[in-house]
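This report describes the two chains shown below, taking the domains of one chain as its starting point and then turning to confidence, strands, helices and individual residues.

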Amino acid sequence: MSEPNPGPAQGPGSGPAPARTVAAAKARGRRGRPGRAPSGGIRGREGLAGWLFVSPVLVVLGLFLVVPILMALWVSLSDWNGQGSPLSSGVHFVGGQNYAPLVTEPGLTQSDFMMSLRNNGYYVLFVVPLQTALALGLALLVNGRRLKGKGFFRTAYYFPSVTSSVAISVVFLFIFSSSGVVNALLAKVGVDGPAWFADPRGIIHLALGAFGVNNDAPPAALADTTVGGLSLWDWFSGPSVAMCAIIVLVVWTTAGTFMLMFLAALQDIPLEVEEAAEIDGTGRWQRFRHVTLPMLKPTLFLVLTLGLIGTWQVFDQIYVMTRGGPGKTTMTPAFLSYQSSFIDNEWGQGSAIAFILFAIIVALTLIQRFVLRDKDEARAKAATRRAAKAARSGSGPTTEAI
Amino acid sequence: MRNPRTRWAVGGVALLSLSLSACGGSGFDDTDKADGQASSGPASIKVLIAASGDAEKNAVTDAASAWATKSGNKATVTQAQNIDQQLGQGFASNNPPDVFYVDAGRFATYASAGSLEPYGDSFAGKDDFYPALRQAFTYKSKLYCIPKDFSTLGLQINTTAWAKAGLTDGDIPTTWGQLASVAKKLTTGKQVGLALGDTRDRIGAFMVQAGGWVTNKDATKVTADSPENLKALNFVKSLLADGSTKYPKQLDSGWSGEAFGKQKAAMTIEGNWIAGAMKSDYPGVKYKTVPLPAGPAGKGTLAFTQCWGIAAKSKHKAAAIDFVKAMTAKEAELTFAKAIGVMPSRQSASADYVAQFPQDKAFIDGAANAQAPVNVAKIDQVLADFDTGLQSLPDGDPKQILARLQKNAQAVVGQ
């Protein structure tokens, strides 16, 4: 989309030879008016052909993506009760009435939603850095020039990503059951493992408990101040033990995919650059920190963005493993949206949750984009923009002729 | 003037017209033809069931084809993967199944949305169905649908462990105090006395025995924070506190029946579905079922039931009602009872049932003092929150749990 108006030289007209002769022959008749903007000329036809070619995709995307999203937006603003079409005459516009109980009105709906935001917030906070670091580490390892059996390791690390997440979730249920493998291993080193998927205690609470804070009677300042239907003490609980098991699972399964992205980027880094740095007398760490990492920045941005979006939408693991339990500590907005719609028949509220989640993801991605922007590039871009503006206002519409 | 803006505009218009044409298409149009009943002639009805297993699915399919041959209609029985979701989709698309299972816990939600045809009041011989079950499917004093069958809770006792602890038939608990003392006696290093499900569907029985419940009889007032309910939760908490009772998750089990079958618990409180599970998964465990012990307010148990719902938008209501009639006939119910292990919803069938299944007498006797699920629309979320509270009962404050339930349930009922 950066070049929405490609000239004829790059357009479809420059394709295979026969097409060109036909196009040229058709266009010959109108060639007699030089200097005029070719609104009805050769490019008008091209435009039509272009639309014709993209129309299948547009129809499919429109029908299965745009229309459902618009319908969901309408449902989130209406009083539709799940009977008949949401566009029928009996459904009314109710404005923010589906959003209010989630955000502003104190009650169970609000506290459930806030709890799901808290859970997912901690989940993102742990999963995104861990999976990015792990993926980068694995990519560096399997990119090593002296490593033997690269193909094996690359396949092995990528394997969890190509396995069905439902299958992996079920396996994890067994591994993390309270008499499962993990606890058996912990028992070998003398640790009494928790009942993972049945344990709603937050790990920050547990850590505080280890430092002598009484979890049954938390500090009054935290317990008595409520924000959005949850006390501050609850906000600061950290992910529950059950959520930690899910975090481990997700980090393990997704790191492979992101490792592949980092690996591709690493192999794009020219050897000469590293050699040059080596000749300049850099150490390994310096080379990584000041040469490799800056060159990986676009990939890092990609991985972080995909990670952020993916983690805010976590659904299948929750659906398969915990369904929001224990103690609602693995409830996430995506699962809550499903549950409100299909289980509680609150269709408007379910869609409202989906749109709030959408807003959160967009906002966080924008923030992340801003934080990770290339400062030199941004400065250079701003300068070109200023120059272009100055040129345009100085020389009039001649630039449009291109 | 050709510029990118024109192209965007063209694209936008194209997309908009596309979405509008899609909206106007046949998928979303406003059909009010639902009331227009299909005229005479053989009807083809769709039946959506949430069968517990192949046995139930086959039993219903057989009964349906028998009905089809006899009445000259056609019935297609479909097993649902997720009946709540599939019904929701059916109602939304104006094309729901004609007949389907409706769980008592979800009944009010559907009835309040107008999804169900209230055919119950004009159903011939409706008084033969247990009053508690009819109450469960009554919304705004209209009987919407006819109960299919029901189950109640009983106390299962592992007879081997019972004898090993030196207990006899005379020790079978009939009061809370006796339950607590035998649970303690049955607790050994390897097993606990009682495995108790950590939801309202099990602990609720104690609330009934104490004379309380979440709502009053006709579900118009929330009575969650009553002293009776508090007494019940305090008793359960005391059982959990002395280690004689544990939740299934603490025993590494998905549900109490599993803990009971694995002999990690010597007693459990479950419904008649436990018979099938024990037979197929743990055939070596010897046990018997007795009525739940009585609480301060006498005997009490919980009933779980489903009804044959008919969609308000069904085009073949007459055929659907005829189908339900065939499915709820006394003989049909006894056949289902045999195949599935549920109890007939007709009082007139109870004598035959007990004659065939004497070991289930404790369950069917419970019908007299059974409480059906909370009959309030859109209360699922509140009750799920109550379950969360009950899960934390071992370290929680019963009073706070009930106060929270009271507050949340009042917000729903008051709506």
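In this predicted model, 17 residues of domain 1 of chain B are in contact with 18 residues of domain 2 of chain B. On the domain 1 side that touches domain 2, the elements α4 (104-113), α15 (361-365) and β13 (370-371) of chain B each supply at least two residues, and the residues of that side divide into seven nonpolar, eight polar and two charged. Each domain is assembled from two segments of chain B, domain 1 from 44-151 + 304-371 and domain 2 from 153-302 + 377-413, and the centres of domain 1 and domain 2 of chain B, taken over C-alpha atoms, are separated by 27 Å.

The table sets out the make-up of the chains.

| Chain | Residues | Helices and strands | Buried residues | Contacts at a separation of 6 or more that join residues 24 or more apart |
|---|---|---|---|---|
| Chain A | 402 residues | 18 helices, two strands | 31% of residues | 69% of contacts |
| Chain B | 415 residues | 17 helices, 13 strands | 48% of residues | 73% of contacts |

Confidence in chain A varies along the sequence. The average pLDDT of chain A is 81, and 86% of its residues score at least 70. Among the elements of chain A, the lowest mean pLDDT, 45, belongs to helix α1 (residues 17-28), and the highest, 91, to helix α4 (residues 108-142). Over residues 1-36 of chain A the pLDDT is below 50, and this stretch has 23 contacts in the model beyond near neighbours in sequence. Residues 396-402 of chain A also keep a pLDDT under 50, and for them the model has two contacts beyond four places in sequence.

Several strands of chain B can be followed through their pairings. Strand β3 (residues 99-103) of chain B is mostly covered, with four of its five residues buried. Strand β1 (residues 44-49) of chain B pairs with β3(B) in the parallel sense over two bridges, and in this region B:Leu48 stands opposite B:Phe100 of β3(B). Strand β11 (residues 301-310) of chain B pairs with β3(B) in the antiparallel sense over five bridges, and B:Gln306 in β11(B) is the bridge partner of B:Asp103.

Another pairing in chain B joins strand β6 (residues 146-158) to β10(B), in the antiparallel sense and over four bridges; here B:Tyr287 of β10(B) is the bridge partner of B:Asn158. In a regular strand the side chains alternate between the two faces of the sheet. Strand β10 (residues 287-290) of chain B shows such an alternation, since B:Tyr287 and B:Thr289 point to one face and are buried, while B:Lys288 and B:Val290 point to the other and are not.

What span should helix α17 (residues 347-371) of chain A have, at 1.5 Å a residue? The 25 residues of α17(A) should span 36 Å, and because its end C-alpha atoms are 36 Å apart, the model agrees with that expectation. The buried residues of α17(A) are A:Trp347, A:Gly348, A:Gln349, A:Gly350, A:Ser351, A:Ala352, A:Ile353, A:Ala354 and A:Leu357.

Two individual residues complete the account. A:Ala265 lies in helix α11 (residues 241-268) of chain A, and A:Ala265 counts as buried because 21 other C-beta atoms lie within 10 Å, where 20 or more are required. Leaving aside neighbours within four places in sequence, A:Ala265 is in contact with A:Leu296 and A:Thr299. A:Ala265 and A:Arg45, 220 residues apart in sequence, are 40 Å apart in space from C-alpha to C-alpha.

In chain B, B:Pro248 is found in the loop between β8 (245-246) and α10 (256-261). Is B:Pro248 buried or exposed? B:Pro248 is buried, because 23 other C-beta atoms lie within 10 Å. Beyond its neighbours within four places in sequence, the contacts of B:Pro248 are with B:Ala195, B:Gly197, B:Ser253, B:Gly254, B:Trp255, B:Ser256, B:Glu258 and B:Ala259. For one of these residues, B:Glu258, the C-alpha atom is separated by 8.0 Å from that of B:Pro248, the two residues being 10 residues apart along the chain.

How values were computed:
Residues are numbered from 1 along each chain as its sequence is written. Chains are lettered from A and ligands numbered from 1 in the order in which they are written. This is a predicted model: local features need pLDDT of at least 70, side-chain atom pairs count only at pLDDT 80 or more; totals for chains, interfaces and linings use all residues. Domain bounds come from an automatic or database domain assignment. Two residues are in contact if their C-beta atoms, placed from the backbone, lie within 7 Å. Ala, Val, Leu, Ile, Met, Phe, Trp, Tyr, Cys and Pro count as nonpolar, Asp, Glu, Lys and Arg as charged, and the others, Gly among them, as polar. pLDDT is the predictor's confidence in each residue, from 0 to 100. A residue is buried if 20 or more other C-beta atoms lie within 10 Å of its own, exposed if 12 or fewer, and partly exposed in between; C-beta atoms are placed from the backbone. Two strands pair if DSSP finds at least two bridges between them. The expected span of a helix is 1.5 Å times one less than its number of residues.
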